[in-house]
Amino acid sequence: MHQQTKIAAAVLLAVGGLSAWAQQAEPQQIERVTVTGSAIKRLDAETAVPVTVFKMKDLRQQGLTTVEQVMNTLTASQASLGTSQAVGASTGGASFADLRGVGANKTLVLLNGRRIANNAFDGSAPDLNMIPFAAIERIEVLRDGASALYGTDAIGGVINFITRKEYQGGTVTVGADVPQHAGGKSQNANAGFGFGDLQEQGFNVLGFIDFQKQDRITGSQRPFNTRYAGGLSASPSPANYYQDPNVYYNPAAPNCTNGTFIIPAGDNTSCYMTTSNFVDYVPKSERLSGMLKGEFKLSADHVLGAEYFVTRSNVKTLIAPVPFGFLPMNRLRPDGTPNPYFPTNSALSPTFDGGLVGETMTDGGATIQPGYVIARWRDLPNGQRADSNTNTQQRLTLSLEGTLAGWDYAVGVSRNQNKVDEKLIGGYANGPLIYEGVLTGVINPFGAQSADGQALLDKAGASGLILFGKGTTTNFDARASREIGDWFGAGRQAAIAVGTEFRKEKFSQQANPDYAAIVVDSTGIDPATYSAGSRKVTALYSELNVPLLPSLDVTAAVRYDKYNDFGNTTNPKVGFRFQPTKEVLLRGSYSTGFRAPSLYELNAAQTFTNSGTVSDPLLCPTGTGSPAVCKAQFIVLNGGNLNLQPEKSKNATFGVMFQPIADFSIGLDFWWIKLKNQIGVVGDKSLYDPANYALFSQYFYRNAAGQLSTNGNQCPGANCGYVDVRQQNLGGSNTNGVDITANYRLPTRVGTFTFGLNSTYVDKYEYQDFRDGPWNQNVGVYSGTGPVFRWQHTLSSVWTKDAFTAGATVYYKSGYIDSDPTNRVSAYTTLDVYGAWRPVKGATLTLGVRNLTDRDPPLSYQSQVFQAGYDPRYTNPTGRTYYVRAAYDF
């Protein structure tokens, strides 16, 4: 029997695991495995593509208890959306991965090699929070495109969560995290069991359950939103008011000190409110997940498997009280007496008629009188808006694996479902009642309320289900592989794999129309929101691996996908693996990829909502001036596009792995991705940049006054001015860089030290806002919706001796030029430390500190998300956090 050399350097632990070459004797006795990125079951885990492996036992020592936290340690990932971005947005509290920064919808997420359903609210990608964390054994991250094997979504890479297998015994873990600063405490507990020996008894059954609870960090518990006036709104308390929409007034102006979180607007007559003070830094959340898995040996060569998991996540968020941007206010009450709250301002015309006189704006029947004003008011009496997002994911899988006629085969069928409900639980109001109260002089938008005014506000409070969505994916897959001979006398067998997949996807999302209609002014959610779609996909694929020399393998793969809703696509991939000496390994690949438009991107309802806080690039090019056109929330048209074409890509990698001695290895993996037909919307920073207005003017639809509307009641309609931000095929993007990995193991008399480095350097990231448009440079620059980091590092060290382990991990993100180019966001570095003790067999106590130096997030002026003063997509506001974990295995 021959010796087979095996390189484990591709299986790089994210936390200082050792990569080493090892001689594998008696290869016939080693179990064949399928590695992420290949369909061939093989003895040698090393392939021509770069794979990073996270071992959960190492990650748990670092105090990581969620998949979102784990993904934030991966340098190949450019974080884009986490749970905190549920604040102020209808995301269902989802968290997504974004390999290479090309978009979360281009990172394929698998559980045990099979797809799970995408998030039901936007259909872009699976929610990482839905992964059953306690059941995971390891995470394999393929840092290369893989459409030739997996089909759509696998352009940026593949993340495969692999659960425990053939587990016997039991395990219980409890833990808590306590920040040094106020808020943000968390608790977690999980338990698991397994019994049955698959080889001896013919079966194995295992189950795990995991519970996590996270307390919120409110806008008043950290000072970051006081770094500058963030989240500006022209609907403050006391209210701004006007007759001429270009001239606003406020009773607290010009100093704007007599109000709540208000500042001068810059026109000496009105005020802004800084809403970021009301916004959660970290929302309150609870998550419960469970998995039950069984394997049953039908014979020596065939194993039947069944797997079910379910996760329920609830995220509660707080944002600023409701802004009412269009509240007509009469001089006289319906009984003819003066409105006691009408402003005494000599600049107001008692005969003013803005085209609304005589109209009935409310269900109460009151009409608008001459000389009225329009108030823009923040409903502080009803408090902060609060919502509750409940996300439930489940999957049932049946599988059959084994060996038949010399072929290793696997067949599976799965049913996936994701359901998301969004409920408004506080602070939201019945808009028509508020209109009636202000118009008739019952509600005071400028100061304290009377008993009648407060009673009407209390009556106007409205809670209920606002949005709900459901997505299902039914999947059948089958594959088989076998060795087919030593074609070239290389001393190793060629191998082939063939496979097929059938998938049916269906999704729907809709508003609760009756309830949405009365809170549309509070939410911006169109009551007519209804999005639905379905598709069927059939695929065939094959992979061939041929050793040409004892030191050289080549691999080729191809996949054909047929969609019932937009056609078909064929994507090939070729790769090589060359090991000229036992110390050196070279590998590389080239492939094409694609991403089909998601059902949401195709079928999302055409709805009018509000933009973020921006300035009209034509009427307010300097960003200062009337709140009607400066630092306002304009009406935008969202929706899908049935004419979208698939995104297409070309991917290439080239890697060099070097291991000069047994305990040290270093690797460089260069990568290139070229995309075209990207699907998305133009980012606010580009869209509202005055320098770009000539390029994007076709998206701006102005009303008769030449303005953009800030009042949703005008849309749709003849007097609606809006910005079209519906989905479209934009231009292309090009990115390239290198992943650097190094590992060193140092045995000494005082213990064993292990050092690990994972780094990613991005040389280029450029993109176009539209087809054939100019290229925007994004590396080290906030452009579009965010920055791309030039450097990201994870540097770890671990010491182990007998019953003790200690470790430290440094995380680093390089600085960048902010959305405000006068500010450079500084580099962000944090240090985590931990120590573990195993007093008796099976018991482990871990103590640790995350962000030991209590590093604050650097200042950022981004306005893409609701939190202000920093960017929560890339940094953590929690600060120094102490954690403890106690585990017992039996």
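Author: A charge sits over a ring if NZ of Lys or CZ of Arg is within 6 Å of the ring centre and within 35 degrees of the ring normal. The model discussed here is predicted.

Reader: How do you know that lysine 813 lies over the face of phenylalanine 789?

Author: Lysine 813 is placed at 5.1 Å from the ring centre of phenylalanine 789, and the cut-off for the distance is 6 Å. Arginine 164 has its charged end over the ring of tyrosine 167, also with 5.1 Å to the centre.

Reader: Why is the pair of tyrosine 688 and phenylalanine 700 called edge-to-face?

Author: A ring pair is described by the distance of the centres and the angle of the planes. For tyrosine 688 and phenylalanine 700 the centres are 5.9 Å apart, and the limit for a pair is 6.5 Å. Their planes stand at 85 degrees; over 60 counts as edge-to-face, so the name applies.

Reader: What makes this a link between distant parts of the chain?

Author: Tyrosine 688 is in the loop between α9 (684-687) and α10 (693-696), while phenylalanine 700 is in strand β35, 12 residues apart.

Reader: Are tyrosine 688 and phenylalanine 700 buried or exposed?

Author: Tyrosine 688 has a relative accessibility of 7%, and phenylalanine 700 has a relative accessible area of 7%. The limit is under 20%, so tyrosine 688 and phenylalanine 700 count as buried.

Reader: Why is the pair of tyrosine 761 and tryptophan 791 called tilted?

Author: The planes of these rings are at 55 degrees, with the centres 4.8 Å apart. Stacked needs under 30 and edge-to-face over 60, so tyrosine 761 and tryptophan 791 fall into the remaining class, tilted. Tyrosine 761 belongs to strand β39 (residues 751-768) and tryptophan 791 to strand β41 (residues 791-801), 30 residues apart.

Reader: What makes tyrosine 761 and tryptophan 791 partly exposed?

Author: The values are 24% for tyrosine 761 and 28% for tryptophan 791. Partly exposed covers what lies between under 20% and over 50%, so the term fits tyrosine 761 and tryptophan 791. Proline 839, in the loop between β45 (828-837) and β46 (843-850), has 40% and gets the term for the same reason.

Reader: How many aromatic pairs are there, and which residues form one aromatic cluster?

Author: The count is 30 aromatic pairs. One cluster consists of Phe664, Tyr744, Phe753 and Phe755.

Reader: Why is β30 (607-610) placed at an edge of its sheet?

Author: The open sheet has 4 strands in the order β30-β31-β36-β35, with mixed pairing. β30 and β35 (700-701) each have a single partner strand, so one side of each lacks a neighbour in the sheet.

Reader: How do you know that β31 and β36 are joined?

Author: Strand β31 (residues 635-638) and strand β36 (residues 722-724) run parallel and share 2 bridges. Pairing requires at least two bridges, so the two strands pair. Valine 636 has valine 723 of β36 opposite.

Reader: What makes β14 and β17 a pair?

Author: The antiparallel match of β14 with strand β17 (residues 271-274) has 2 bridges, so it meets the requirement of at least two. Leucine 232 has threonine 274 as its bridge partner in β17.

Reader: Which residues touch the most other members of the largest nonpolar core?

Author: Leu327, Trp377, Ile434 and Ile466 do, in a core of 54 residues. Elements supplying at least two residues of this core include β20 (323-329) and α4 (431-439). Another core, of 29 residues, lies apart from it, with Leu99 and Phe208 among its members.

Conventions:
Residues numbered from 1 in each chain as written. Predicted model: local features only at pLDDT ≥ 70, side-chain atom pairs only at ≥ 80, totals over all residues. Heavy atoms only, no water. Buried < 20%, exposed > 50% of the residue type's maximum accessible area, 1.4 Å probe, protein only. Core = buried A, V, L, I, M, F, W, Y, C linked by side-chain atoms within 4.5 Å. Phe/Tyr/Trp six-rings, centres within 6.5 Å; stacked < 30°, edge-to-face > 60°.
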